[in-house]
Number of protein chains: 2
Amino acid sequence: MSQTVDRALRILPLLAEGPANLEQVAARLGVHKSTALRLLRTLHEHGMVYRQQDQRYRLGTRLFALAQQAAENLDVREIAHPHLAALNERCGHTVHLAVYEDGEVLYIDKVESRYPVRMYSRIGKPVAITVAAVAKLLLADLPEPERRAVAERLDYPAYTARSTPNAAAYLDELATVREQGWATDFGGHEESINCIGAPVRGTDGRAVAACSVSAPNVVVGTAELLELLPLLRRTADAISAEYSGTTPPPLQKAKP
Amino acid sequence: MSQTVDRALRILPLLAEGPANLEQVAARLGVHKSTALRLLRTLHEHGMVYRQQDQRYRLGTRLFALAQQAAENLDVREIAHPHLAALNERCGHTVHLAVYEDGEVLYIDKVESRYPVRMYSRIGKPVAITVAAVAKLLLADLPEPERRAVAERLDYPAYTARSTPNAAAYLDELATVREQGWATDFGGHEESINCIGAPVRGTDGRAVAACSVSAPNVVVGTAELLELLPLLRRTADAISAEYSGTTPPPLQKAKP
DNA sequence: GCTGTCGTTGCACTCTGTGCAACGACCGTT
DNA sequence: AACGGTCGTTGCACAGAGTGCAACGACAGC
């Protein structure tokens, strides 16, 4: 749309390949040297490109700063929600999204079951950290010292006979979860409620969130619930992809 | 230099703060809505901004990709990282790597403290240039006219009672740092955080980067932190050696 | 159905970006 | 030293590109 800006922006991927001097930039843009110079100067003023000692240009650190800052403001929930809604659309059960923060795991989004029998939960509420599938996924991915510290600091309430009894058992469970890349909670919190979860990962591969599908026994058994695992994992992976920016996800309307 | 490109680029940091709609962007740029629209469209075509469902704009994924490539071009970072990780392994504190670029000092890598109490920082974020140990090291090594120019252009915010008060004091401090070859920041930025730093030098002896160890008072005192100085300097020197090519650098792990 | 908000479009004006040519700094060669 | 070559930089005149304006349209909330 805007020729000048367009040209300026085309310089960036060009420099991403490696440093280039003025003439090379001008040639590859198909413009006069003086034009390229002015564009590069403007980019330079904004820290988008940097001029090394040999006068060649390369990408600047401001790009870095911008991306980093944007990543911090990135709302997983916003990105995840449509995916979670779609998942709920297909399976009908309650879908949760949770994050880890300062030794706690919190639900930050929820799409309600479309069955009449529902489990109780509330966005913003701390999760039963010792048993919930999402909690296991998030803790499993913590750096080992912190994971151990948290596990040992926790209480292990016996919600049911299948609740995790103590730190040792929990750490074992976390190892399993880390290995298999998904988690379950079969009646560990409420006798009659089962749950499966999968992690959402950021660019660095660390779990930034986890999502889960929960359903009461009376609606589906554990075997039937596990059949949803591939779908759940695909959903989690799609969210990860969009969150890390590997997918230019937002399917924009094409011009007619 | 180029008004149009300048306006377009000013949109990016604006969006980095969080999503904004067309009117907000236009208002903050001080231009008409239609102008802002065209700029945003151009940015959009290049993937620099992204339009969410509610029509608001936020930074796009292309920016992340570019930042990634920009980071890869900073080869100090790549070389330094394993050394920094090893340093963190041995002392447990937060380790930073920073570079100087166009009057700013930026963190380009970070290895998190393994203690529960951590300092806040972010890769890509400009460093508190008047007080940070890494900033002192990098400025101390600038050619004298540029050093003076930068020092006199800076603000000297009084973060704490121990912050550098003015340009004269800063230039004195830089002289000391240049002489001793290492730097400190004892509570100059945050009252309770101390920090020691050492320079990474290129073939020409100039500081191309600086690394530092930071720790809160509550974890280690200044005396104890200074005991880490030899280890820190050895780390910095090892990075320098590998970066200048004096060490047959990437000693690959032998396959078992 | 009305009113207000916000994104979008077409147009006329003019300001900004452009290419050109000449200059100058730097480097290696003879 | 003088020369020729390369490459970045500058001033200028022209026109093409960007701008603001006003009107339109989509949508939401009373």
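**Salt bridges, chain contacts and DNA surfaces in a predicted model**

In helix α7 of chain B, a salt bridge joins the side chains of R147(B) and E144(B), with N and O 3.4 Å apart. The model in which this pair is found is a predicted one. Both residues belong to the same helix, α7 (residues 144–153) of chain B, where they sit 3 residues apart, about one turn of the helix. The two partners differ in their surroundings: R147(B) has a relative accessible area of 8% and is therefore buried, being under 20%, whereas E144(B), at 40%, is partly exposed. In chain A, salt bridges with shared partners link E144(A), R147(A), R148(A) and E152(A) into one network.

Pairs of this kind are found elsewhere too, and the count over all chains comes to 18 salt bridges. Side chains of opposite charge can pair when their charged atoms come close. One such pair is K136(A) with E173(A), whose closest N and O atoms are 3.1 Å apart. Here the partners come from distant parts of the chain, since K136(A) lies in helix α6 (residues 133–140) and E173(A) in helix α8 (residues 167–180) of chain A, 37 residues apart. K136(A) counts as buried because its relative accessibility is 6%, while E173(A), at 26%, counts as partly exposed.

A further pair in chain A is formed by R201(A) and D141(A), again with a closest N to O distance of 3.1 Å. R201(A) belongs to strand β6 (residues 193–201) and D141(A) to the loop between α6 and α7 of chain A, so this salt bridge ties together parts 60 residues apart in sequence. In this case the acidic partner is the buried one: D141(A) has a relative accessible area of 16%, and R201(A), at 29%, is partly exposed.

Turning to the contact between the protein chains, 50 residues of chain A touch 52 residues of chain B. Together the two chains bury about 4,400 Å², of which 65% is on carbon and sulfur atoms. M1(A), T61(A) and F64(A) account for 15% of the area that chain A buries against chain B, more than any other three residues. Between the two chains there is 1 salt bridge, formed by R58(A) and E101(B) with their closest N and O atoms 3.8 Å apart. The count of residue pairs in polar contact between these chains, both at pLDDT 80 or more, is 5.

Which elements of chain A supply at least two residues each to the side that touches chain B? They are α1, α3, β2 (57–59), α4 (61–73), α5 (76–91) and α7 (144–153). Helix α4(A) contributes the most, with 13 residues. By class, this side of chain A divides into 26 nonpolar, 13 polar and 11 charged residues.

Both protein chains also meet the DNA. Around DNA strand C there are 20 residues, of which R7(A), T35(A), T4(B), L37(B) and R41(B) come nearest. Of the strand C atoms within 4 Å of the protein, 69% are in sugar or phosphate, and the rest are in bases. Phosphate oxygens of this strand lie 3.3 Å from a polar backbone atom of H32(A), 2.8 Å from a polar backbone atom of Q3(B) and 3.0 Å from a side-chain N or O atom of R51(B). The largest share of the surface near strand C, 4 residues, is supplied by α3(B). This surface has 4 nonpolar, 10 polar and 6 charged residues.

DNA strand D has 19 residues around it, and T4(A), L37(A), R41(A), T35(B) and R38(B) come nearest. Sugar or phosphate again holds 69% of the strand D atoms within 4 Å of the protein, with the rest in bases. Side-chain N or O atoms of E23(A) and of R51(A) each lie 3.1 Å from a phosphate oxygen of strand D. A base nitrogen is also approached, at 3.2 Å, by a side-chain N or O atom of S34(B). Elements giving two or more residues to this surface are α1, α2 (22–29) and α3 of chain A, together with α1 and α3 of chain B. Helix α3(A) gives the most, with 4 residues. The surface near strand D comprises 3 nonpolar, 10 polar and 6 charged residues.

Note on methods
Residues numbered from 1 in each chain as written. Chains lettered and ligands numbered in written order. Predicted model: local features only at pLDDT ≥ 70, side-chain atom pairs only at ≥ 80, totals over all residues. Heavy atoms only, no water. Near = heavy atom within 4 Å. Polar contact = N/O pair within 3.5 Å; in protein donor to acceptor, adjacent residues only side chain to side chain. Nonpolar A, V, L, I, M, F, W, Y, C, P; charged D, E, K, R; others polar. Contact = heavy atoms within 4.5 Å. Buried area = accessible area lost by both parts, 1.4 Å probe. Salt bridge = Lys/Arg side-chain N within 4 Å of Asp/Glu carboxyl O. Buried < 20%, exposed > 50% of the residue type's maximum accessible area, 1.4 Å probe, protein only.
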